[in-house]
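Trainee: Please take me through one part of this model closely, beginning with a single side chain, and then place that part in its wider setting. I would like the reasoning spelled out wherever a residue is called buried or exposed.

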Amino acid sequence: ANDAQMGKELGYYFVANSGGKGNALIEHVPAYSILDAFTGAFTSTVKSLCPSCQYQFVNVTLPQLAAGQTSSLVVSALRRDPAANYLVFDDGDFADGITSALSAAGLSSVKVIGQAADTQGLAGLRAGTEAAWTGYSAVYAGYETVDAMIRNAEGMPSDPNEEVQPTQLLTPSTVGSTTSWDLPSDALAQFLKLWGVS
């Protein structure tokens, strides 16, 4: 549900920001099936809002990811499709180094967007070299995991839709001085109150 929500948000952004004329390459690691929720929601949102928008996938294997080949794979795909003006990442960590790779390839006009910004993605937004990321807090995800374990131990029902963490569409104009997106800032206090622990 989390990944799907971020996919929808970025789909809305992509259609609006491109004026309904976007052409995207979507970096995807199919071996991480959880990321299918992001790419599925992104593409279905784009299809429903913008039939004339285009996209295609650049699938990255786990060995390619581990070898640090993601940037070279997407740069090669962009060279093969010079009409592509957006590069979408299904996870922030996978985009590390992409700004430099695009610049070196003379492709700095391609807009980089994706889900779950890491520190490099946030730095790219602050510098204006990347276009949009969704906020994601690994700390909050940890609290959600503990909450799910407690509910399970207590025999309580757990609704996956209740486990969607807060996010935010971050752009160069909204990122401010953010270096690590960990919101809400009082998340631990809220969870402790929920659990009845002081």
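Mentor: Let us begin with Arg151, which counts as buried because its relative accessibility is 17%, and the limit for that class is under 20%. The model is a predicted one, and the values that follow should be read with that in mind. The partner of Arg151 is Asp147, with which it forms a salt bridge whose closest N and O atoms are 2.7 Å apart. Asp147 is also classed as buried, because its relative accessibility is 9%. Both residues belong to helix H7, where a spacing of four residues, about one turn of the helix, separates Asp147 from Arg151. When the whole structure is searched, one salt bridge is found, and the pair just described, Asp147 with Arg151, forms a salt bridge.

Helix H7 also leads us to the largest pocket, which has a volume of about 320 Å³. Its lining consists of 18 residues, and those closest to the centre of the pocket are Asn2, Asp3, Ile34, Tyr136 and Ala141. Two elements, helix H1 (2–17) and helix H7 (138–153), each give two or more residues to this lining, and H7 makes the greatest contribution, with four residues. Sorted by class, the lining has ten nonpolar residues, five charged residues and three polar ones.

Helix H1, the other element named there, also contains Gly7. Gly7 counts as buried because its relative accessibility is 0%. As a measure of separation across the model, the C-alpha atoms of Gly7 and Ser177 are 24 Å from each other, with their positions 170 residues apart along the chain.

Ile34, one of the residues closest to the pocket centre, also takes part in a nonpolar surface patch of about 290 Å², together with Tyr32 and Leu62. Tyr32 sits in the loop that runs between strand S1 (23–28) and helix H2 (36–49). Its relative accessibility of 37% is the reason why Tyr32 is called partly exposed, and membership of a patch asks for over 30%.

If we follow the chain out of H7, we come to Pro157, in the loop between H7 and S6. Here the setting is an exposed one, because Pro157 has a relative accessibility of 69%, and exposed means over 50%. The C-alpha atom of Pro157 is separated by 25 Å from that of Asp36, which is 121 residues away along the chain. Beyond strand S6 (169–170), the loop that leads to helix H8 (187–195) holds Pro184. The peptide bond that joins Leu183 and Pro184 is cis, with an omega of about 0°.

A second point of backbone geometry concerns Ala116, which has a positive phi of about 65° even though it is not a glycine. Ala116 lies in the loop between strand S4 (111–114) and helix H6 (119–127). Despite its place in a loop, Ala116 is buried, because its relative accessible area is 11%.

Two further residues complete the setting, and each comes with a spatial relation to a residue elsewhere in the sequence. Leu73, in helix H4 (residues 70–80), is called partly exposed because its relative accessibility is 24%. The C-alpha atoms of Leu73 and Leu25 lie 11 Å apart, while 48 residues separate the two in sequence. Ser100, in helix H5 (residues 98–104), counts as exposed because its relative accessibility is 55%. From the C-alpha atom of Ser100 to that of Thr129 the distance is 9.6 Å, and these two are 29 residues apart in sequence.

To return to the starting point, helix H7 holds both Asp147 and Arg151, and it is also the element that gives the most residues to the lining of the largest pocket.

Technical notes. Residues numbered from 1 in each chain as written. Predicted model: local features only at pLDDT ≥ 70, side-chain atom pairs only at ≥ 80, totals over all residues. Heavy atoms only, no water. 1 Å grid on protein atoms, 1.4 Å probe; cavity = no way out; pocket = protein on both sides within 12 Å on 5 of 7 lines; lining within 4 Å. Points joined across faces, edges and corners; volume = space filled by probe spheres on them. Nonpolar A, V, L, I, M, F, W, Y, C, P; charged D, E, K, R; others polar. Patch = residues over 30% accessible without salt bridge, like charges linked within 9 Å, V, L, I, M, F, W, Y side chains within 5 Å. Areas by Shrake-Rupley, 256 points an atom, 1.4 Å probe, with all protein chains shown as cover. Salt bridge = Lys/Arg side-chain N within 4 Å of Asp/Glu carboxyl O. Buried < 20%, exposed > 50% of the residue type's maximum accessible area, 1.4 Å probe, protein only.
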